[in-house]
Amino acid sequence: MSGIDLSVEIAGVRFRNPILTASGTFGYGEEFNDYIDLSMLGGIVTKSITRQPRPGHKPPRTCETTGGMLNAIGLANVGVERFISEKIPFLKSLDTNVIVNVAGFSLDEYSEVTRMLNDCEGIKMLEINISCPNVGADGLEFSSTAQSAFKLTDELKRISRFPLIIKLSPNVTDIASIAKACEDAGADALSLINTLVGMAIDHTTFKPRLTNVTGGLSGPAIKPVALACVMKVYRRVRIPIIGIGGIMDQFDVAQFLIAGATAVQFGTANFVDPDCTVSAVDGLRDYLAGMNMSKVADLVGKLQV
Amino acid sequence: MKIHYPSVSVERRDSLGNGLIKISFRSPELAARLRPGNFIHIRVTQQLDPLFRRAMSVHSADGELFTILFRIVGRGTELLALLKEGARVDILGPLGNSFNPPRDGETAVMVSGGTGLPPLHFLARSLIRDNGVDPETIRFLCGISSLGDLPLTFDVKSLGLDLLISSDDGSVGVRGLVTDLLAHKLQNADVSKMRVYSCGPEPMLRVVANMCVARGVRCQVSLERHMPCGVGTCLGCVVQSPTSDDGFRRVCIEGPVFEANEVRL
Ligand SMILES: Cc1cc2nc3c(=O)[nH]c(=O)nc-3n(C[C@H](O)[C@H](O)[C@H](O)COP(=O)(O)OP(=O)(O)OC[C@H]3O[C@@H](n4cnc5c(N)ncnc54)[C@H](O)[C@@H]3O)c2cc1C
Ligand SMILES: Cc1cc2nc3c(=O)[nH]c(=O)nc-3n(C[C@H](O)[C@H](O)[C@H](O)COP(=O)(O)O)c2cc1C
Ligand code: FES
């Protein structure tokens with residue numbers, strides 16, 4: 001058991017293990033501090049931070065579906081100013097890698113939040129949620145075309161003093177070409193996938209189950225889609241990939257690494273078991289021992305086809 | 001703070017008819033920590049579907065045991081109902097806040113609708129047992145749909161308090177809504193000496209809350225929402241709240257018990 005090396009490196013940042021938490025499913029970290037030892041994790045990703053505070057959408061905001069859930073939380077968050085004054089002091093105190101997720105509805109908004117975070121201590125990387133509509137321009141999500149993803153990445157690369165992870169959306173025709181555009185614009189890493197657009201309908205009232213009508217599908221139901229996306233992107237880019245989508249345990253972690261991810265994020269699984277990530281760290285060690293492997297990094301991209 | 005009890009054993013399971021099931025669990029540690037109003041979040045399967053836990057209010061907690069009382073309404077509760085004595089279940093708890101007990105000289109009036117009864121039963125029981133409240137001073141108004149649901153009320157009845165039942169079809173107790181019983185109680189009463197506690201379907205809670213706010217009666221309502229996480233992180237269970245910064249409160253962690261004027265139902 002001892003002598004197993006779970007550490008991985010992404011853009012010069014060392015992670016004690018490849019298990020991170022996904023944006024929007026782990027609050028600002030403090031919510032989980034009561035229940036688990038955060039220093040056991042490779043890292044945590046905060047919920048998306050926007051320029052202004054956002055209350056979020058009207059309830060119902062979530063709906064359980066087969067093997068997963070739909071959410072239309074609406075990027076509820078305290079806004080970057082309160083994030084810096086109220087949340088950073090706690091995050092700074094943690095013995096784990098803190099990644100702040102940034103969202104916006106215009107290039108300027110992303111830029112401004114990124115600039116404001118530059119002055120903060122205790123952040124290791126930024127993750128950019130590009131699945132947001134560019135409200136002032138064409139209204140399409142930044143993630144939806146290679147050009148808009150390139151432009152946003154390029155702009156933020158010029159501003160940020162932290163390495164940038166660009167978080168990709170699966171709701172596109174060819175995720176690999178968007179991944180390539182982000183790499184070309186200087187992205188340090190990619191994370192994928194964000195949620196898939198979905199909806200649920202109550203056939204007795206004819207009403208959608210979410211007030212927002214559509215929402216983002218997550219959980220085990222999306223894992224096969226996420227694995228295929230990771231593999232396709234791995235074949236196209238050289239920068240590290242963080243795999244996300246339906247990961248519940250150490251075996252799922254291993255599968256994402258084999259598909260080409262260097263690390264992973266647990267999202268919806270945190271809602272089922274607050275300690276799922278910590279259990280998976282132990283489980284991953286056992287899995288590697290059982291496979292007669294001593295380094296988790298040796299799994300990356302080892303898909304046999 | 002420990003909240004994860006991954007292997008709690010089922011002590012006893014009773015079917016009360018009409019799809020109503022009562023289960024008691026053995027866990028000395030958890031039982032000792034549960035307060036009236038708290039809920040537990042139960043993993044109904046180790047498989048991935050249904051994925052989320054199901055929230056259940058605590059019906060009573062005594063020594064090493066605690067119980068829940070629920071109705072089968074879908075797949076999750078169907079699976080819960082299949083639990084046999086000796087089975088092991090994965091539970092998160094205690095979750096949520098609890099009721100504020102009445103002050104000296106105040107009477108507690110419980111207003112229960114259907115399977116909203118358990119937290120009010122737990123409250124009444126603990127007022128009597130732990131706070132030395134005279135059972136006869138507690139008014140328990142209980143709305144059920146019809147005679148078939150009467151077993152819901154048996155544990156309340158055995159507390160020896162002032163129980164008044166209404167049913168939608170008049171097959172038992174007073175015909176009509178439990179809110180009519182409350183309206184009647186509030187008439188000519190010295191509302192400054194009353195505290196209302198309520199749990200049940202939201203349309204009912206809305207009427208109870210409005211009635212109490214209008215009459216200036218102190219009132220706490222316990223809400224039930226779809227709860228993916230139960231611990232405050234998913235923001236999926238929010239209720240609109242005029243008194244909160246961002247207009248919302250999370251039912252799982254800031255509730256499930258709220259002052260009636262704190263939430264917009
Ligand atoms: C804090 C809390 C305490 C609760 N206490 C009790 C209790 O003591 N006894 C009891 O019988 N039930 C209680 N409930 C409701 C119980 O959690 C639901 O009945 C259960 O989750 C339904 O699961 P299911 O898979 O069987 O139904 P599903 O198939 O998920 O849904 C069936 C029906 O039940 C409704 N429903 C589903 N989940 C909830 C929910 N969380 N709250 C309200 N309605 C829901 C759905 O809208 C649908 O109409 C409580 C809920 C909460 C949030
Ligand atoms: C309730 C909820 C809220 C989310 N909020 C965000 C968010 O604010 N920003 C973001 O980039 N992704 C958000 N996501 C997406 C997750 O980070 C993740 O990409 C997705 O859920 C897939 O992973 P999973 O299947 O493990 O949950 C959210 C997901 C859920 C379920
Ligand atoms: S159920 Fe997740 S925040 Fe309340």
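Across all chains of this predicted model, a search of the whole structure turns up 30 salt bridges. One of these pairs links B:Arg54 with A:Glu64, whose side chains meet at 2.9 Å, N to O. This pair runs between chains: B:Arg54 sits in strand S4 of chain B, while A:Glu64 belongs to strand S5 of chain A. In general terms, side chains of opposite charge can pair when their charged atoms come close.

That pair leads straight to the contact between the two chains. Here 31 residues of chain A are in contact with 28 residues of chain B. The size of an interface is often given as the accessible area lost when the parts come together. For chain A and chain B, that comes to about 2,500 Å² buried between them, with 61% of it on carbon and sulfur atoms. Charged pairs show up here too, as the rule picks out three salt bridges across the interface of chain A and chain B. B:Arg53 makes a salt bridge with A:Asp273, and the closest N and O atoms of that pair are 2.7 Å apart. Polar contacts also cross the interface of chain A and chain B, with 10 residue pairs found by the rule, both residues at pLDDT 80 or more.

On the chain A side, several elements chip in. Helix H1 (30-33), strand S5 (62-65), strand S6 (68-71) and helix H8 (269-272) of chain A each bring at least two residues to the side that touches chain B. S5(A) gives the largest share of that side, three residues. Sorted by class, the residues of chain A's side facing chain B come out as 12 nonpolar, 10 polar and nine charged.

B:Arg54 turns up again at ligand 1. A polar side-chain atom of B:Arg54 lies 2.8 Å from an oxygen atom of this ligand, so to speak a second partner for a residue that also forms a salt bridge with A:Glu64. The backbone takes part as well: an N or O atom of the B:Gly76 backbone is 2.7 Å from an oxygen atom of ligand 1, and a polar backbone atom of B:Arg225 is 2.9 Å from a nitrogen atom of ligand 1. On its own, ligand 1 exposes 850 Å², and the protein buries 77% of that.

As for the shell as a whole, 19 residues surround ligand 1, and the closest are B:Arg54, B:Ala55, B:Gly76, B:Thr77 and B:Arg225. Strand S4 (54-57), strand S6 (65-71) and helix H2 (75-81) of chain B each provide at least two residues of this shell. S4(B) accounts for the largest share, four residues. The shell around ligand 1 is made up of eight nonpolar, six polar and five charged residues.

Ligand 2 has 24 residues around it, and those that come nearest are A:Ser23, A:Ser48, A:Lys167, A:Gly246 and A:Thr268. Two side chains reach atoms of this ligand at 2.7 Å: an N or O atom in the side chain of A:Ser48 is that far from a nitrogen atom of ligand 2, and one in the side chain of A:Lys167 is 2.7 Å from an oxygen atom of ligand 2. From the backbone, an N or O atom of A:Gly267 lies 3.1 Å from an oxygen atom of ligand 2. Taken by itself, ligand 2 has 600 Å² of accessible area, and the protein covers 96% of it.

Terms used
Residues numbered from 1 in each chain as written. Chains lettered and ligands numbered in written order. Predicted model: local features only at pLDDT ≥ 70, side-chain atom pairs only at ≥ 80, totals over all residues. Heavy atoms only, no water. Near = heavy atom within 4 Å. Polar contact = N/O pair within 3.5 Å; in protein donor to acceptor, adjacent residues only side chain to side chain. Areas by Shrake-Rupley, 256 points an atom, 1.4 Å probe, with all protein chains shown as cover. Nonpolar A, V, L, I, M, F, W, Y, C, P; charged D, E, K, R; others polar. Contact = heavy atoms within 4.5 Å. Buried area = accessible area lost by both parts, 1.4 Å probe. Salt bridge = Lys/Arg side-chain N within 4 Å of Asp/Glu carboxyl O.
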